[in-house]
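Student: I should like to go through this structure by asking how each description of it is justified. May we take the terms one at a time?

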Amino acid sequence: MRLLVAIRIELRKLAAQRATYVGFGALALLVGLFVWGTWRAGPPLKAWSVPEDFIVAGKLVTGVLIPYVLLEMRVALAVFIPLLIATTVGGSVAGERKSGTLRTLMTRPVSRGVVLSAKLVVAWAYAGALTVFMGVFALILGYAVFGGGDLLALELDAPGLNIIAEQQAWLRLALGYGLAAVAMMAVASLALFLSVLCDNPLTAAGLTVAVLLVCAVLKQIPYFEWLWPYLLTEHITVHTRAFASSVAWADIGRSGVYLAGYILIPAGLAAAIFQRRDILC
Amino acid sequence: MCPRTVVNTTQLSKRYGHVQALRGVSLAVQQGEIFGLLGPNGAGKSTLIRILVGLVRPTAGQAWVLGHRVGSSAARRNGVVGAIVEQPAFYRYLSGRRNLQLLADLSGGCNPHDIDRALEIVGLTERQHQRVAAYSAGMRQRLGLAQALLPAPELLILDEPASGLDPRGLVEVRTLLHQLTREEGVTVFLSSHLLHEVEQLCTHVGIIVAGRLVAQGSVAELLSVPQIHLELRTDDPARTAEILRDYDGVSDVEHINEVVRLTCAPGEVAEINVALIANNIAVSALMPHRETLEELYLRLTGESEDAGR
């Protein structure tokens with residue numbers, strides 16, 4: 001019961017902050033710019049490394065293509081949304097510690113476990129909401145501008161394109177965005193763990209981004225190939241498996257296990273540290 | 001019926017790295033007391049208060065509040081403790097009332113009338129819907145007091161509650177704390193630098209120096225000393241001094257200008273007066289001087305600091 005109240009309070013606080021809406025506004029702007037760019041210049045075939053002599057007939061740009069390409073572009077899921085999560089969730093504990101409100105909060109008769117659990121749930125909800133918002137908004141805008149039609153998706157692990165029927169595309173998009181939301185929840189867990197460790201929200205946000213960057217850099221160095229399957233960034237892109245000619249459930253299951261670890265381990269560590277750490281600010 | 005012990009610490013110690021903030025502090029506060037914790041900056045007052053409200057874990061020793069060990073889940077569930085630790089901090093983007101509502105909800109919720117009452121007590125009814133960002137430091141302090149009063153606490157732990165309040169606010173807070181103690185049986189544990197304020201407000205006092213509790217007891221007990229200082233003005237100070245130097249139970253007789261100073265037992269004052277009149281000395285002023293809390297504090301903190309050197 002206390003946990004539900006604490007979650008409601010955390011949600012109220014999140015809803016009362018302008019920064020929350022700035023994040024959603026920035027995502028809406030990104031989607032809007034992408035739709036405008038596609039409307040002006042056509043589908044981003046070059047970015048997909050499709051040869052110039054490749055001939056595609058029919059309606060290429062459809063309402064379902066917009067949310068799909070936004071997922072594929074990586075910039076949204078690897079940079080943009082993690083940055084928004086890092087700044088908001090990174091301040092969730094460190095920001096409250098810095099402003100002194102954590103002290104006020106913890107002088108109330110409520111356990112630290114309840115307060116941190118509420119913050120975790122809201123951090124996960126925020127990460128999921130950002131991802132789902134991007135997908136839903138892209139879908140609405142995509143349909144409004146380009147109308148319905150099949151989805152032209154990249155084939156996995158081999159050059160080529162995969163045409164997915166419109167109804168099937170909706171299911172694939174739901175699965176893809178669901179997986180992306182889970183991946184973003186892992187980023188939120190990491191950000192909250194660092195927020196518990198740091199006294200400054202900017203440091204927590206910066207460290208979250210730094211961890212993701214280090215993972216991305218390690219992925220580029222062959223010496224660390226043995227490490228690649230364990231990197232968070234390796235599994236952030238699990239949504240691509242939803243758009244293969246047949247859904248790659250085995251890959252999704254494997255990444256799901258790693259993502260569960262990335263969600264639960266930082267959360268557990270954050271709880272253990274938060275229980276013991278003195279609140280001095 | 002014996003009063004219930006509301007705050008109890010045994011051999012409480014806290015170390016921050018190389019700094020020993022508290023050294024074996026044992027104290028007890030009974031229900032209905034207004035306990036004032038005095039001490040110079042860095043003496044360990046805030047650390048002790050932080051331990052009592054569960055913000056900081058002691059390195060050694062134990063603390064009990066309202067019968068529950070601090071930090072235990074039972075204390076969190078059942079403890080009705082209102083607290084202000086240092087400068088109260090609130091969500092600046094929410095109104096004063098919304099902050100109170102949110103904090104009260106976290107401790108199990110309260111009636112909207114309770115919030116109205118708390119706001120009225122601290123004089124923030126008019127500004128309750130304004131964002132806290134627009135509040136002055138004094139208003140935030142008042143809001144801090146209001147949140148500590150929600151929901152009806154059995155124990156108030158207040159770290160420097162007078163900080164940021166104007167003289168009228170000070171009087172109001174003093175009256176409020178007296179009223180809460182008298183009418184609702186609330187126990188108050190506060191720290192303060194304002195010795196005069198503590199002397200007027202508190203029934204009991206603890207003095208902490210360099211992490212050690214050097215004195216504890218009721219204000220009356222601490223100030224009841226076996227000897228008092230007496231200042232006399234007579235028509236013949238030289239002869240007065242001469243007579244009193246031979247008087248039993250009188251010591252440290254000094255004749256400075258027109259004044260005679262001496263030390264004696266409190267019960268001797270009237271007899272000294274009679275003795276002087278019997279010797280045909282006209283006494284124009286007889287001023288017994290008891291040690292004030294301020295003097296006691298300065299003496300104890302001075303002694304402790306000297307001992308520490």
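Tutor: We may, bearing in mind that this is a predicted model. Strand E1 (residues 5–16) of chain B and strand E4 (residues 60–65) of chain B are a suitable start: they are joined by 5 bridges and run antiparallel.

Student: What makes E1(B) and E4(B) a pair?

Tutor: Pairing requires at least two bridges. E1(B) and E4(B) have 5 bridges, so the requirement is met. Within this pairing, Gln62(B) of E4(B) is the residue opposite Thr10(B).

Student: How do you know that E4(B) and E5(B) pair as well?

Tutor: The same test applies. The two antiparallel strands E4(B) and E5(B) are joined by 2 bridges, and the cut-off is at least two, so they count as a pair. Val65(B) faces His68(B) of E5(B). E4(B) and E5(B) make a hairpin with 2 residues between them, and Leu66(B) in its turn has a positive phi of about 50°.

Student: Why are strand E2 (19–30) and strand E5 (68–69) of chain B placed at the edges of their sheet?

Tutor: The sheet is open and has 4 strands in the order E2-E1-E4-E5 (chain B), paired antiparallel. E2 and E5 of chain B each have a single partner strand, so each has one side without a neighbour in the sheet. Helix H1 (residues 45–52) of chain B lies across E1, E2 and E4 of chain B, at about 120° to E1(B).

Student: Which strands are the edge strands of the sheet E12-E13-E11-E14 (chain B)?

Tutor: That sheet is also open, with 4 strands and antiparallel pairing. Strand E12 (250–256) and strand E14 (283–289) of chain B pair on one side only, and they are its edge strands. From one strand to the next, the twist averages 20°.

Student: What makes E12(B) and strand E13 (residues 259–264) of chain B a pair?

Tutor: They share 5 bridges in the antiparallel sense, and at least two are needed, so they qualify. One of the bridge partnerships links Ser251(B) with Thr263(B) in E13(B).

Student: Which helices pack against these strands?

Tutor: Helix H9 (residues 237–245) of chain B lies across strand E11 (228–234), E12 and E13 of chain B and runs at about 165° to E12(B). Helix H10 (residues 269–278) of chain B touches E11, E12, E13 and E14 of chain B, and its direction makes about 25° with that of E11(B).

Student: Turning to chain A, why are H7(A) and H10(A) called roughly parallel?

Tutor: Helix H7 (residues 166–197) and helix H10 (residues 249–276) of chain A pack at about 25°, with axes 8 Å apart. Angles under 35 degrees count as roughly parallel, and H7(A) and H10(A) are therefore roughly parallel to each other. H7(A) passes H10(A) in a left-handed crossing.

Student: What makes up the contact of H7(A) with H10(A), by class?

Tutor: The contact has 21 nonpolar, 1 polar and no charged residues. Among those in H7(A) are Leu175(A), Ser189(A) and Phe193(A), while H10(A) contributes residues including Trp249(A), Tyr262(A) and Pro266(A).

Student: How do you know that H2(A) and H6(A) are roughly parallel?

Tutor: The angle between helix H2 (residues 18–41) and helix H6 (residues 112–146) of chain A is about 30°, and their axes are 10 Å apart. The limit is again under 35 degrees, and H2(A) and H6(A) are therefore roughly parallel. Their crossing is right-handed. Gly23(A) and Trp39(A) of H2(A) are among the contacting residues, as are Tyr126(A) and Phe146(A) of H6(A). By class there are 17 nonpolar, 4 polar and no charged residues.

Student: What is Lys59(A) in contact with, leaving aside its neighbours within four places in sequence?

Tutor: Lys59(A), in the loop between H2 and helix H3 (65–72) of chain A, is in contact with Phe146(A), Gly147(A) and Gly148(A). Contact here means heavy atoms within 4.5 Å. Lys59(A) and Leu151(A) are 92 residues apart in sequence and 9.5 Å apart in space, C-alpha to C-alpha.

Terms used
Residues numbered from 1 in each chain as written. Chains lettered and ligands numbered in written order. Predicted model: local features only at pLDDT ≥ 70, side-chain atom pairs only at ≥ 80, totals over all residues. Heavy atoms only, no water. Axes fitted to C-alpha atoms, helices over the stretch in contact; angles between N-to-C directions. Parallel < 35°, antiparallel > 145°, perpendicular 65-115°, else oblique. Left-handed = near helix turned anticlockwise from the far one by under 90°. Nonpolar A, V, L, I, M, F, W, Y, C, P; charged D, E, K, R; others polar.
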